[in-house]
Amino acid sequence: MTDLTPEMLDGIEARAKEANDMEGGAWPDTAEKVDATFCVSYPPDAAHIAGLDPGTVLALVAAARELESVTDEYDHAITKQGRLLTGVANALNGQPPELTTWGHHDLPELAEEAVNERDTLRATVARVEAMHVEVPPRGSRRFTYCIECGEDFPCCTVKALRGEDQ
């Protein structure tokens, strides 16, 4: 069986409405004379031969249109999720070699590894910051200085941690 196109659904709906509006809601007599090959290419007559009444066909057309709408929504969501996963894979792995893409199967592990690495770096930065503390001027020193390295505060280490130019 071929997929129903929107044009085919329009034709089915028009024929079914026409038949439904007739007295008794039956298919026109001419539809009984259609051969089997025409039924395959023109579904309204196939529906008549299958014994479906026009009201049922109209309900099926409405259901098919609703299904098409839902399918389009799912297709959009799946496409969007695919782009999102590809973006995450590229962010974690770097840009892939030409004409290739990264797989998505290992993204949870890669993300966990990246978060663990970030947490380790944050802890290291916190330890280094704790060692490089500003001390008020004492004795002959006129400026505050770093207790760890003795440089004027902020020292080069603190500046680097802050992202400041040296």
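The protein chain comprises 6 helices and 2 strands in a model that is predicted rather than experimentally determined. Read from the N terminus, its elements follow the order α-α-α-α-α-β-β-α. Of the 166 residues in the protein chain, 19% are buried. The accessible surface amounts to about 12,100 Å², and carbon and sulfur atoms account for 57% of that area. With regard to the contacts between residues at least 6 apart in sequence, 32% link residues at least 24 apart.

The largest nonpolar core consists of 6 residues, namely Leu9, Ile12, Ala16, Val57, Leu58 and Val61. Two helices, H1 (6-21) and H4 (54-93), each contribute at least two residues to this core. Among the core members, Val61 is in contact with Leu9 and Ile12, and also with Glu13, when neighbours within four places in sequence are set aside.

Helix H4 also carries Val88, which participates in a feature of the surface. Together with Leu84 and Leu92, Val88 forms a nonpolar surface patch of about 220 Å². The relative accessibility of Val88 is 33%, and the residue is therefore classed as partly exposed, a category that lies between the limits of 20% for buried and 50% for exposed residues.

A further site of interest is His132, located in the loop that connects helix H5 (107-131) with strand E1 (134-135). Although placed in a loop, His132 has a relative accessibility of 10% and is therefore counted as buried, since the category applies under 20%. Once its neighbours within four places in sequence are excluded, the contacts of His132 comprise Cys146, Glu148, Cys149, Phe153, Cys155, Thr157 and Val158. Three cysteines, Cys146, Cys149 and Cys155, are thus included in the surroundings of this histidine, as are Glu148, Phe153, Thr157 and Val158.

Charge pairing was also examined. Side chains of opposite charge can pair when their charged atoms come close. The structure contains 1 salt bridge, in which the side chains of Arg118 and Asp119 meet at an N to O distance of 2.7 Å. Both partners fall into the partly exposed category: Asp119 has a relative accessibility of 36%, and Arg118 has a relative accessible area of 37%.

Definitions and conventions. Residues numbered from 1 in each chain as written. Predicted model: local features only at pLDDT ≥ 70, side-chain atom pairs only at ≥ 80, totals over all residues. Heavy atoms only, no water. Helix = DSSP H or I, 4+ residues; strand = E, 2+ residues; numbered from the N terminus. Buried < 20%, exposed > 50% of the residue type's maximum accessible area, 1.4 Å probe, protein only. Contact = heavy atoms within 4.5 Å. Core = buried A, V, L, I, M, F, W, Y, C linked by side-chain atoms within 4.5 Å. Areas by Shrake-Rupley, 256 points an atom, 1.4 Å probe, with all protein chains shown as cover. Salt bridge = Lys/Arg side-chain N within 4 Å of Asp/Glu carboxyl O. Patch = residues over 30% accessible without salt bridge, like charges linked within 9 Å, V, L, I, M, F, W, Y side chains within 5 Å.
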